[in-house]
Amino acid sequence: MSELETAMGMIIDVFDKYSGAEGNKQTLTKGELKTLLEKELPNFLSSVKDKEAADKLFKGLDENGDSEVDFNEFIIFVAAMTCCCHNYFVQKECK
């Protein structure tokens with residue numbers, strides 16, 4: 001597989017690893033999302049001062065208001081985070 005295909009597979013695997021622990025295997029609950037963030041993006045959470053950041057993030061990601069984050073909602077978050085990281089590193093290069 002190509003690097004991009006491997007990366008896509010890894011994103012799917014990460015979602016599947018955490019979804020369904022508390023119910024629906026196709027979605028993340030607030031608790032599952034928090035665990036995913038703590039395990040998979042520890043530097044992201046450690047840089048956030050707000051103790052309720054995971055709650056706010058969950059509310060923002062749950063676009064359809066069903067109290068769950070499905071894969072489509074999750075992948076939008078991953079894409080947005082990736083864009084932010086890319087922009088950060090581009091700006092660092094320019095300085």
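## Talking through a predicted helical model

There are five helices and two strands in the chain, and the model is a predicted one.

Colleague: Let's start with the layout. What pattern does the chain follow, read along the sequence?

Modeller: We have five helices and two strands to place. Helix α1 covers residues 3–18 and helix α2 residues 30–40, while β1 (27–28) comes after the loop that follows α1. Later on, a loop joins α4 (53–61) to β2 (69–70), and α5 takes up residues 71–94. Read in sequence order, the pattern is α-β-α-α-α-β-α.

Colleague: And the overall dimensions? What does the C-alpha trace span along its principal axes?

Modeller: The chain has 95 residues, and buried ones make up 22% of them. Among contacts with a separation of 6 or more, 40% come from residues 24 or more positions apart. Along the principal axes, the C-alpha trace spans about 45 × 40 × 25 Å.

Colleague: Now the helix packing. Are α1 and α2 roughly parallel, roughly perpendicular or oblique to each other?

Modeller: Two packed helices are described by the angle between their axes and the distance between the axes. For α1 and α2 the axes sit 9 Å apart, at an angle of about 130 degrees. Roughly perpendicular stops at 115 degrees and roughly antiparallel needs over 145. The pair is therefore oblique.

Colleague: Which residues make that contact, and how do they divide into nonpolar, polar and charged?

Modeller: The crossing of α1 past α2 is right-handed. On the α1 side you have V14, K17 and Y18, and α2 brings E32, T35, L36, K39 and E40. Sorted by class, that contact comes out as three nonpolar, one polar and four charged.

Colleague: What about α1 against α5: where do their axes come to in distance, and what is the orientation?

Modeller: Those axes come within 11 Å and cross at roughly 125 degrees. As with α2, α1 passes α5 in a right-handed crossing. That angle falls between 115 and 145 degrees, so the label for α1 and α5 is oblique.

Colleague: How many nonpolar residues does the contact of α1 with α5 have?

Modeller: From α1 we get I11, I12 and F15. They meet F71, F74, I75 and V78 in α5. The contact has no polar and no charged residues, and its nonpolar count is seven.

Colleague: F15 and F74 both appear there. What kind of aromatic pair do they form?

Modeller: F15 is in helix α1 and F74 in helix α5, 59 residues apart, so the pair links distant parts of the chain. Both rings belong to buried residues, with relative accessible areas of 2% for F15 and 4% for F74. Their centres are 5.3 Å apart with 45 degrees between the planes. Since stacked needs under 30 degrees and edge-to-face over 60, the F15 and F74 pair is tilted.

Colleague: Is F71 buried, partly exposed or exposed?

Modeller: F71 also pairs with F74, at 6.3 Å centre to centre and 45 degrees between the planes, another tilted pair. Being three residues apart in helix α5, the two are separated by about one helical turn. At 28% relative accessibility, F71 lies between the 20% and 50% cut-offs, so F71 counts as partly exposed.

Colleague: Which residues do ring pairs link into a cluster?

Modeller: The count of aromatic pairs comes to three. Among them are F15 with F74 and F71 with F74. F74 takes part in each of those two, and the cluster is F15, F71 and F74.

Colleague: Moving to the loop between α1 and β1, is S19 buried or exposed?

Modeller: S19 is found in that loop. Not counting residues up to four places away in sequence, S19 touches N24, K25, T27, L28 and E32. Its relative accessible area is 2%, well under the 20% cut-off, so S19 is buried.

Colleague: And A21: how many Å separate A21 and G31 in space, C-alpha to C-alpha?

Modeller: A21 lies in the loop between α1 and β1 too, but A21 is exposed, with a relative accessible area of 66%. A21 and G31 are ten residues apart in sequence, and their C-alpha distance is 9.3 Å.

Colleague: Last one, on backbone angles. What is phi of S67 near?

Modeller: S67 sits in the loop between α4 and β2. Phi of S67 is positive, in a residue other than glycine, and the value is near 65 degrees.

Definitions and conventions
Residues are numbered from 1 along each chain as its sequence is written. This is a predicted model: local features need pLDDT of at least 70, side-chain atom pairs count only at pLDDT 80 or more; totals for chains, interfaces and linings use all residues. Side-chain values use heavy atoms; hydrogens and water are left out. Axes are lines fitted to C-alpha atoms, for helices over the stretch in contact, and angles run from 0 to 180 degrees between N-to-C directions. Helices (H or I, at least four residues) and strands (E, at least two) are DSSP runs, numbered from the N terminus. Angles under 35 degrees count as roughly parallel, over 145 as roughly antiparallel, 65 to 115 as roughly perpendicular and the rest as oblique. A crossing is left-handed if the near helix is turned anticlockwise from the far one by less than a right angle, and right-handed if clockwise. Contact means heavy atoms within 4.5 Å. Ala, Val, Leu, Ile, Met, Phe, Trp, Tyr, Cys and Pro count as nonpolar, Asp, Glu, Lys and Arg as charged, and the others, Gly among them, as polar. Rings of Phe, Tyr and Trp (its six-membered ring) pair if their centres lie within 6.5 Å; planes under 30 degrees apart count as stacked, over 60 as edge-to-face and the rest as tilted. Buried means under 20% relative accessible area, exposed over 50%, partly exposed in between (1.4 Å probe, protein chains only).
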